[in-house]
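Welcome! Let us take a walk through this protein together, from its overall layout to a few of its details.

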Amino acid sequence: MKKLFPHRKMIIANTNLKNIEVILWRLHIKEAFRNKRNMQVLWRFPELKENYKNVTKRCILDGEIAVLVNGVPDFYRLQKRTLLTDRFKIDMEASRYPACFVAFDCIYQENQELLWNPLMERKMHLSDLVAENSRIAVSRYVEGMGKTGHS
């Protein structure tokens, strides 16, 4: 690892769920989930509409939406949700296989852009902002030069 990154003293690795990456905009008492193409996706995940109550301040969080089945990410169920357009079918899937939002970075808080701050500082902001429950969580990470989790 040192040969690849000789200038790096530490590496931070987030957990990686089978997911759809989104940005959560928490402004006042509303929130918006936008994907990489800047499309609103909250209407396909109605079970996440109350997540703003678990975020204490105005902010923009970078994260991912995942569907867990028996505690394991299920990309098939998640992908199916993104293709549904019928409100009844969306509500059925939301009740059978509810989604959750996992935040891994805080890029804006109150009136301050945090994007250029050190990553560990942003993660501290993130931990202070989010009260976790079954629909919203903060991504766990490994700090240091530990063994890789992938083979």
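From the N terminus on, the elements run β-β-β-β-β-α-α-β-β-α-β-β. That makes three helices and nine strands, where helices (H or I, at least four residues) and strands (E, at least two) are DSSP runs numbered from the N terminus. What you see is a predicted model, in which local features need pLDDT of at least 70 and side-chain atom pairs count only at pLDDT 80 or more, while totals for chains, interfaces and linings use all residues. Residues are numbered from 1 along each chain as its sequence is written, and side-chain values use heavy atoms, with hydrogens and water left out.

How confident is the prediction? The mean pLDDT (the predictor's confidence in each residue, from 0 to 100) is 81, and 75% of the residues reach 70 or more. Among the elements, strand S1 (residues 12-14) has the lowest mean, 51, and H2 the highest, 96. Over residues 1-8 the pLDDT is below 50, and this stretch has three contacts in the model beyond near neighbours in sequence; a contact means heavy atoms within 4.5 Å. Where pLDDT is low, the predicted coordinates should not be read in detail.

Of the 151 residues, 39% count as buried; buried means under 20% relative accessible area, exposed over 50%, and partly exposed in between (1.4 Å probe, protein chains only). Among contacts with a separation of 6 or more, 67% join residues 24 or more positions apart.

Now look at helix H2, residues 87-96, where Ile 90, Glu 93 and Ala 94 are buried. They cover an arc of only 105° around the axis, which puts them on the same side of H2; the arc is that of the directions from the helix axis to the C-beta atoms. Helix H1 (75-83) is part of what covers these buried residues. Exposed Phe 88 and Ser 95 sit on the face turned away from the buried side. At the start of H2, a side-chain oxygen of Asp 86 reaches to within 3.0 Å of the backbone nitrogen of Phe 88.

Finally, the structure holds one aromatic pair. Its rings, those of Phe 33 and Phe 101, have centres 5.1 Å apart and planes at 70°, so the pair is edge-to-face. Rings of Phe, Tyr and Trp (its six-membered ring) pair if their centres lie within 6.5 Å; planes under 30 degrees apart count as stacked, over 60 as edge-to-face and the rest as tilted. The two partners are 68 residues apart in sequence, so the pair ties together parts of strands S3 and S6.

| Residue | Strand | Relative accessibility |
|---|---|---|
| Phe 33 | S3 (residues 30-35) | 0%, buried |
| Phe 101 | S6 (residues 99-109) | 0%, buried |

Terms used: A polar contact is a pair of N or O atoms within 3.5 Å; within protein, one must be able to donate a hydrogen and the other to accept it, and residues adjacent in sequence count only if both atoms are side-chain atoms.
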